[in-house]
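Subject: The structure we talked about

Hi there,

Here is the structure I promised to pass on to you. Have a look at it first, and then read my notes below.

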Amino acid sequence: FLAGMAQAFVKSNPIPEGYAHEAGRVQLINGATLPLVLADGNGGQDYLVGVTKQWLQNKEKFDTLLDRVARLGEHVKAFEVAGFDVGKNGVAPGALGPRFDKHAPKGQLYLVRGTTKKGKRKKAGGRAKKPLLYTGALRQKDVLLWLKAKSAAFKRGWKKVKAALKEVKAE
């Protein structure tokens with residue numbers, strides 16, 4: 001440490017072997033891939049990151065909500081839903097903003113907004129925007145309306161989301 005040889009280490013559980021991300025499914029991310037999602041050059045994608053743990057009070061409800069939003073988000077260009085297990089992976093201090101609570105008893109949703117066409121993250125007051133924490137009720141309708149209001153990509157694809165929602169309700 002004193003010799004300057006110490007390096008920061010963030011706990012990272014490996015992604016299961018043979019895992020391949022499919023459109024319309026929750027993308028698994030770990031401690032090693034979370035910084036790529038949060039980076040300024042995340043390919044212009046908006047990500048809805050669901051932060052979970054194995055022992056959440058609302059784990060089943062939260063996972064179902066993520067799956068439904070991922071299925072509807074499949075129809076939106078430049079939008080992904082990702083799942084991050086904070087019990088198995090570490091988060092660099094401040095990476096998800098000051099309101100991140102790794103000990104939260106319920107799942108948390110964060111919106112990470114992508115970059116603009118010029119390669120810069122959308123800005124607020126001259127500073128790059130931090131991930132947004134969703135604080136509303138964990139209901140599909142509320143989350144979708146929040147995404148429409150906060151994600152430019154989701155807003156552009158809103159008509160496709162509504163059409164897909166009608167198809168899902170018809171099933």
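Asp 63 and Lys 59 sit four residues apart in helix H2, which is about one turn of the helix. These two residues form a salt bridge, with their closest N and O atoms 2.9 Å apart. Searching the whole structure turns up two salt bridges. Please keep in mind that this is a predicted model.

Helix H2 spans residues 59-73 and lies across strand E2 (46-52), E3 and strand E4 (108-112). Relative to E2, helix H2 runs at about 165°. In the loop between H2 and E3 you will find Ala 78. The phi of Ala 78 is positive, about 65°, although this residue is not a glycine.

Now to the sheet. It is open and has five strands in the order E1-E3-E2-E4-E7, with mixed pairing. At its edges are strand E1 (27-29) and strand E7 (132-134), each of which pairs on one side only. On average, neighbouring strands of this sheet are turned by 30° against each other, ignoring direction.

In which sense do E1 and strand E3 pair, parallel or antiparallel? The pairing of E1 with E3 (residues 79-85) is parallel and runs over three bridges. If you want a place to look, Gln 27 has Ala 82 in E3 as its bridge partner.

A second helix to look at is H3 (residues 140-150), which lies across E2, E3, E4 and E7. Helix H3 runs at about 160° to E7.

Finally, the pocket. The largest pocket has a volume of about 480 Å³. Its lining is made up of 24 residues, and those nearest the centre of the pocket are Val 26, Leu 28, Ile 29, Gly 83 and Phe 84. E1, H2 and E3 are the elements that contribute two or more residues to this lining. Which element gives the largest share of the lining? That is H2, with four residues. By character, the lining residues of the largest pocket divide into 10 nonpolar, seven polar and seven charged.

So helix H2 is a good place to begin your own tour: it holds the pair Asp 63 and Lys 59, lies across E2, E3 and E4, and gives four residues to the lining of the largest pocket.

Happy to talk it over whenever suits you.

Best wishes

Notes:
Residues are numbered from 1 along each chain as its sequence is written. This is a predicted model: local features need pLDDT of at least 70, side-chain atom pairs count only at pLDDT 80 or more; totals for chains, interfaces and linings use all residues. Side-chain values use heavy atoms; hydrogens and water are left out. Two strands pair if DSSP finds at least two bridges between them. Axes are lines fitted to C-alpha atoms, for helices over the stretch in contact, and angles run from 0 to 180 degrees between N-to-C directions. Contact means heavy atoms within 4.5 Å. On a 1 Å grid over the protein atoms alone, a cavity is a set of points where a 1.4 Å probe fits but cannot get out, and a pocket is an open set with protein on both sides within 12 Å along at least five of seven lines; lining residues have an atom within 4 Å of a point. Grid points are joined across faces, edges and corners, and a volume is the space filled by probe spheres set on the points. Ala, Val, Leu, Ile, Met, Phe, Trp, Tyr, Cys and Pro count as nonpolar, Asp, Glu, Lys and Arg as charged, and the others, Gly among them, as polar. A salt bridge is a side-chain nitrogen of Lys or Arg within 4 Å of a carboxyl oxygen of Asp or Glu.
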